[in-house]
Structures are given as structure tokens and as C-alpha cells.
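Reader: I'm new to this one, and I'd like a close look at a single part of it. Could you pick out the helix and walk me through it slowly?

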Amino acid sequence: MFKKNKGFTLIELLVVIAIIGVLSGLVLVSLGGARSKARDVARQSDIRQIAAALELQYSDDVQYPAITVDANKRINSTSTTPTYLDPWPLDPGGGSHGCNSSKGAYCAPVSSDAGPEYCVYATLENGNFFTASDSGISTLGTEPTVLDTCK
């Protein structure tokens, strides 16, 4: 008497695994744009938080705190507003890049002493620049190079 084996053949298992692989690949590709948009929303939120902290510091001291930047125009987080913004927000994309039209850092166009104005910005993944200044918040198509171009 022959005993009937129950179960799946190797071919059937490989076909199912291949189908699952193709479907998961399609899902990951379709989520790429959503991840990019989510990082941009986080960058915009962080720039708004930095601006709010600077405004709160202004209400205390009647001047904005000095914003110092490194050679790549990245903001030195230890010199700004530890009272109202601690810890300093990190870029959701890693934050290790410079500010010259590359994503990944919170930047200011010039280093400045404490004074009556400021400008901070982040590069969005679509190439635009999300800026906050003493004049308000805006999106620019070109990188701010001096305080006046942030407005």
C-alpha cells in the first residue's frame, strides 16, 4: 500500500516565496516618497521649533542670541538657546551633510553676534529651502546666503 504524503512541494514553496518577495518590493518602493515627505515635514517642524526658541529668548533678553556656524554653515547647537531648546533637534536624514544645497543639516547663512535679526534654514528633499527669520517663515527656491535673503 502506498502512503500519500501531505504537504507542499519545493516548487510550490518557491513560487509563494517569489510572490511575497515581489509584493514586498513593490510596497517598499511605493513608500519611498512618503518617507521623503515625512523627513521634510520633520525638518519644517524643527525649524519652527528653533524659531520659537529664538523668539522666546528674544522676549527674555530683548535681542536674539548669537548663532555661530561652522565652516559648512551648520549651526553650532551649543551656542544658541539651551534654555528653550534642549536638546537641539537633529535632522531626520542623518544631519551629517553641509548646507550648500545638500539635505541633512540645520543652517544659518552667516555667523552673527547677538542682535535684532536671525535666519535659520533647512534644505528640503525637493531642493527648496525652508527658512525662518525674525520676519517669519517661508520656503525659498535658492539658498539664503545673507540674513536679508531669508526674508
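Author: Sure. First, a word on what counts as a helix or a strand here: both are DSSP runs, at least four residues for a helix and at least two for a strand, numbered from the N terminus. Keep in mind, too, that this is a predicted model.

With that rule, the protein chain has one helix and four strands, and along the sequence they come in the order α-β-β-β-β. The helix, then, is α1, and the part to look at is residues 10-61.

Start with its length. α1 is made of 52 residues, and from its first C-alpha to its last it reaches 74 Å, close to the 76 Å expected at 1.5 Å a residue. Still, α1 has a kink of about 30°, and Gly-32 is at its centre.

Now, which residues of α1 are buried? Going along the helix, they are Ser-36, Asp-40, Arg-43, Gln-44, Asp-46, Ile-47, Ile-50, Ala-51, Ala-53, Leu-54 and Gln-57. Here's a bit of background that helps with reading such a list: an α-helix has 3.6 residues a turn, so residues three or four places apart point the same way. As for what lies over the buried residues of α1, the cover includes β1 (106-107), β2 and β3.

Take Asp-40 as one example from helix α1. Its relative accessible area is 11%, and the cut-off for buried is under 20%, so Asp-40 counts as buried. Setting aside neighbours within four places in sequence, Asp-40 is in contact with Leu-124, Glu-125 and Asn-126.

Other buried residues of the helix belong to the largest nonpolar core. That core has 18 residues, and the ones touching the most other members are Ile-47, Ile-50, Leu-54, Ile-67, Tyr-118 and Val-120. Three elements, α1, β2 (119-123) and β3 (129-133), each supply at least two residues of this core. The biggest giver is α1, with five residues. In general, nonpolar side chains tend to be buried together in soluble globular proteins.

While we're among the partners of the helix, have a look at the aromatic rings. There are three aromatic pairs in the count. One is made by Tyr-121 and Phe-129: their ring centres are 6.0 Å apart and their planes sit at 75°, so this pair is edge-to-face. Tyr-121 is buried, at 0% relative accessibility, and Phe-129 is buried as well, at 2%. Elsewhere, ring pairs join Tyr-58, Tyr-64 and Tyr-118 into a cluster.

What comes right after α1? That's Val-62, with a positive phi near 60°. Most residues other than glycine have a negative phi, so it's worth pausing here: Val-62 is not a glycine, yet its phi is positive. Val-62 sits in the loop between α1 and β1. Is Val-62 buried or exposed? With 62% relative accessibility, Val-62 counts as exposed.

Last, step back to the protein chain around the helix. Of its 151 residues, 32% count as buried. The accessible surface is about 9300 Å², with 60% of that belonging to carbon and sulfur atoms. And if you take the contacts between residues at least 6 apart in sequence, 52% of them join residues at least 24 apart.

Key. Residues numbered from 1 in each chain as written. Predicted model: local features only at pLDDT ≥ 70, side-chain atom pairs only at ≥ 80, totals over all residues. Heavy atoms only, no water. Buried < 20%, exposed > 50% of the residue type's maximum accessible area, 1.4 Å probe, protein only. Contact = heavy atoms within 4.5 Å. Areas by Shrake-Rupley, 256 points an atom, 1.4 Å probe, with all protein chains shown as cover. Phe/Tyr/Trp six-rings, centres within 6.5 Å; stacked < 30°, edge-to-face > 60°. Core = buried A, V, L, I, M, F, W, Y, C linked by side-chain atoms within 4.5 Å. Expected span 1.5 Å × (residues − 1). Bend = angle between axes of the 7 residues up to and from the residue.
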